[in-house]
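Here is a short tour for anyone who would like to get to know this model before heading back to the bench. Have the structure open beside the text and follow along.

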Amino acid sequence: MKLKLLPLFMLLACGDDGLSVVVEEGQVNFTEVFNVLESRCTPCHNPGKAGGLTWTDAQSAYLTLVTDISASSMCYGKLWVTPGDAKESLLFNKLSMAPVCGNKMPPKADLTPEEAEIIELWINQGAMFIP
Ligand code: HEC
């Protein structure tokens with residue numbers, strides 16, 4: 001089990017050591033982040049749906065991500081995004097196989113390494129709203 005999961009973990013965890021740089025390390029725009037959220041997360045993270053945090057457009061998603069803390073019982077009080085630190089951010093941590101709380105996201109599918117890296121880079125670059 002552990003061995004089988006290792007390659008994905010390495011892809012997610014080793015973005016800054018050159019092993020898995022699949023996205024050019026330029027500035028990541030929030031539009032790119034939002035496109036990932038919208039295509040991979042909104043089926044559940046939407047007003048009235050099970051996932052909690054909701055977003056309807058890029059601006060509301062951004063504001064929610066950088067100002068909200070988790071209100072769920074499992075992850076209560078954790079910050080969705082800690083600018084500059086993807087590993088401390090629930091948004092990125094939940095993509096890993098063993099998140100600090102609750103289930104891996106998305107629960108039944110995996111993001112591509114490119115999609116995960118867009119989120120990781122955006123947070124590590126300071127989580128700014130550059131459309
Ligand atoms: C199939 C439905 C589904 C999809 C798709 C999904 N989620 Fe979730 N998500 C949930 C549910 C249900 C929870 C609450 C249980 C948990 O935390 O494991 C949750 C919780 C979370 C939490 C913790 C929220 C909190 O307030 O505690 C984060 C962060 C999160 N999801 C991020 C994502 C991201 C990012 C994506 C897309 C890459 C995604 N999810 C895709 C269903 C989903």
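## A walk through the model

Let's begin in the loop that links helix H4 (90-93) to H5, which is where Pro106 sits. Bear in mind that this is a predicted model. Pro106 is joined to Met105 by a cis peptide bond, with omega at about -15°. Most peptide bonds are trans, and most residues other than glycine have a negative phi.

A second backbone feature lies in the segment after H5, where Ala127 is found. Its phi is near 55°, a positive value although the residue is not glycine. Is Ala127 buried or exposed? Ala127 has 23 other C-beta atoms within 10 Å, and so it counts as buried.

Now step back to the whole chain. The protein chain holds 5 helices and 0 strands, so reading from the N terminus gives the order α-α-α-α-α. Of its 131 residues, 25% count as buried. Among contacts between residues at least 6 apart in sequence, 57% join residues at least 24 apart.

One helix pair deserves a closer look. The axes of H2 (residues 30-40) and H5 (residues 113-124) come within 9 Å and cross at roughly 135°. The two helices are therefore oblique to each other, and their crossing is left-handed. On the H2 side the contact is made by Phe30, Glu32, Val33, Val36 and Arg40, while H5 supplies Glu115, Ile118, Ile119 and Trp122. Sorted by class, this contact has 6 nonpolar, no polar and 3 charged residues.

Ile118 makes a good landmark here. Ile118 has its place in helix H5, and it counts as buried because 22 C-beta neighbours lie inside 10 Å. The C-alpha atoms of Ile118 and Val33 are separated by 6.3 Å, although these residues are 85 apart along the chain.

The last stop is the ligand. Which residues come nearest to the ligand? Of the 24 residues around it, they are Cys41, Cys44, Ser70, Cys75 and Gly102. The table sets the make-up of this shell beside that of the helix contact.

| Group | Nonpolar | Polar | Charged |
|---|---|---|---|
| Contact of H2 with H5 | 6 residues | no residues | 3 residues |
| Shell around the ligand | 15 residues | 7 residues | 2 residues |

To find your way back, look for the cis bond between Met105 and Pro106, the positive phi of Ala127, and the left-handed crossing of H2 and H5.

Definitions and conventions:
Residues are numbered from 1 along each chain as its sequence is written. This is a predicted model: local features need pLDDT of at least 70, side-chain atom pairs count only at pLDDT 80 or more; totals for chains, interfaces and linings use all residues. Axes are lines fitted to C-alpha atoms, for helices over the stretch in contact, and angles run from 0 to 180 degrees between N-to-C directions. Helices (H or I, at least four residues) and strands (E, at least two) are DSSP runs, numbered from the N terminus. Angles under 35 degrees count as roughly parallel, over 145 as roughly antiparallel, 65 to 115 as roughly perpendicular and the rest as oblique. A crossing is left-handed if the near helix is turned anticlockwise from the far one by less than a right angle, and right-handed if clockwise. Two residues are in contact if their C-beta atoms, placed from the backbone, lie within 7 Å. Ala, Val, Leu, Ile, Met, Phe, Trp, Tyr, Cys and Pro count as nonpolar, Asp, Glu, Lys and Arg as charged, and the others, Gly among them, as polar. A residue is near a molecule or strand if its C-beta atom, placed from the backbone, lies within 6 Å of it. A residue is buried if 20 or more other C-beta atoms lie within 10 Å of its own, exposed if 12 or fewer, and partly exposed in between; C-beta atoms are placed from the backbone.
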